[in-house]
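This report looks at charged side-chain pairs and at cysteines in a predicted model. The sequence and the structure come next.

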Amino acid sequence: MSTQVSQVKADQSLPAGFQDLEVFVSAWALASERERNRQRLSSSMEEIQALYDALLPRMDEIFNYLNQLPLNDMPADAKRLLNLSLSLAEVAPAVEFYKQPEVVDGFPAERFVPVEVPHMTPSEE
Amino acid sequence: MAAATNEDRWTLNYKELGTGPVPTEPYLAKEYFEREREKIFKHTWLNVGRVEEIPEPGDYFVKEIAICNASILIVRGKDGQIRGFHNVCRHRATKLVWDEQGCRAKFSCNYHGWTYSQEGRLIGVPEEDMFFDLDRNEYGLIPVATDVWEGFIFINLEPKPKETLKEYLGELVDLLGGYPFGELPVCFQFNADLKCNWKVIVDSQQEGYHAKMLHRRSLPGFLTNKENPSRHALDIQVYRRHRMISYFGNLERTPTPTEALAHRFGASVTKREFSMESMPPGVNPTRSNKWAFDEYVLFPNFHVLVFFGMCITHNVWPIDVDRAIWEARVYLPRTENAAQCFSREYGRCMLRDAWLEDGSTLEASQVGLASGVIDHFVLQDQELLLRHSYKVLEDYVNA
């Protein structure tokens, strides 16, 4: 049981200096645009705003750290931090444009389907 | 603010287009759709993809041209050349390739095993000696006219096209030739299957009039400012079939906090990346320092939007008179580090959301059209390209 708990914690760890952001990992450190978008659309504006407020002032620090690492071969905790930071790009329109999770009067996101273009769309593993 | 004078009106430069109403019948009539099928889509050059999608011999993708009941196999041969074929086995007319993309040394039909090379030659027939005088040379895959311009792959379903691709593109060859499309090898695509006529989608992306209202949240103040409150275009040009708008961009506006971050880290919708000196004459044709992007609308169904450091395309595929597929793509530079990934992600998300704003109007327009109470559109000056669109359409369907 205790092993299981520490395993879950390890899966949510962020690199040293960013541990205060670990509370957002399980909800927002998601690998793909679709997952991040679904998370945005199923979150409250309070949750979205909390993420936005926590990430925005840390972005320079985050990328000063991440930019030193090889993009395609990052340790798991760094990759988690990158995926988390990409959620700021996802929620920014909700906070800065729409003041609500969904696009105001928008077409349903689930009907606007991402299509992988061979050799051109980066994999989101 | 002074009222616009006649000198400010683009439309008046094109007397043949007039200033009158444009009929809505082409968006509703089944009979008109049939003429579009027969007179347009079976005869014009159609963009189906980019060369980067099939970099190696044997790489292929399949494009369904539903309006023409055509399934097209685009494949790169051993010689490096890109060819198009009807995706149909010569034996019993079975659809040959069933998946959408991949890489194969050869193409075997699932039904009886007839096998074709990457160059379309018939290279294998099980129990060949049981046929009667079968000449393999006569039963290669049926070729489709295929050509490449600036990395964009086009096909033409006419067995012997009356014009080459370059002749069809006309003025655009010189205007856009040399734009660094190849330096934008990263692509994100979104597809929407919409209950609307294909031209409703084309029209939604060929005027800037809607931006100030529909995109007031996602692009606040980007395409207008105090000195340019309603004249979104720096230039509008119509050619024989194709057309373009060069959009004004309010680059002095204050970016949002996240947008500012994205700017610092890399290319985006609202930031300049390539140098202007290296651009072909059709990119920012007025060489304005308040330029946002140029939108080229290629007849019938392909839009190319060129920015500094990114490119957008729209392909619109008619399915029925009131149904069409919208394929929106954004092309971006390769990312070297995590910060550039963030910048790219910001661009993808804000564009996607702006397109969701566009998306809602499309089916809403068809609902209104279907009511039958509107028999014509009234178009303002900024909607000149819709006027031209209608004229070219009429010329084709009545030819």
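## Asp20(A) and its partner

Asp20(A) is partly exposed, with a relative accessible area of 46%, whereas Arg58(A), the residue with which Asp20(A) meets in a salt bridge, is buried at a relative accessible area of 14%. In this predicted model, the N to O distance of the pair is 2.5 Å.

Where do Arg58(A) and Asp20(A) lie in chain A? Arg58(A) belongs to the loop between α4 (45-55) and α5 (59-66), and Asp20(A) to the loop between α1 (2-11) and α2 (25-28), so the salt bridge ties together parts of the chain that are 38 residues apart in sequence.

## Buried pairs in chain B

In chain B, Glu259(B) forms a salt bridge with Arg253(B), and the closest N and O atoms of these two residues are 2.9 Å apart. Glu259(B) is buried, with a relative accessible area of 2%, and Arg253(B) is likewise buried, with a relative accessible area of 16%.

A further salt bridge joins the side chains of Asp353(B) and Arg352(B), at an N to O distance of 3.0 Å. Asp353(B) counts as buried at 1% relative accessibility, and Arg352(B) also counts as buried, at 1%.

## A network with members in both chains

Asp353(B) and Arg352(B) are also part of a network of salt bridges, in which they are linked with Glu33(A), Arg34(A), Arg40(A) and Glu90(A). The network therefore has members from chain A as well as from chain B.

As a general matter, side chains of opposite charge can pair when their charged atoms come close. Over all chains, the structure holds 33 salt bridges, among them the Arg58(A) and Asp20(A) pair and the Glu259(B) and Arg253(B) pair.

## Cysteines without disulfides

How many disulfides does the structure hold over all chains? The count is zero. For Cys89(B), the closest cysteine sulfur is that of Cys109(B), and the distance of 4.0 Å is too far for a bond, because a disulfide requires the two sulfur atoms to be within 2.5 Å. Cys89(B) counts as buried, at 2% relative accessibility.

Cys341(B) is in no disulfide either, and the nearest cysteine sulfur, which belongs to Cys349(B), is 13 Å away. Cys341(B) is buried, with a relative accessible area of 10%.

Note on methods. Residues numbered from 1 in each chain as written. Chains lettered and ligands numbered in written order. Predicted model: local features only at pLDDT ≥ 70, side-chain atom pairs only at ≥ 80, totals over all residues. Heavy atoms only, no water. Salt bridge = Lys/Arg side-chain N within 4 Å of Asp/Glu carboxyl O. Helix = DSSP H or I, 4+ residues; strand = E, 2+ residues; numbered from the N terminus. Buried < 20%, exposed > 50% of the residue type's maximum accessible area, 1.4 Å probe, protein only.
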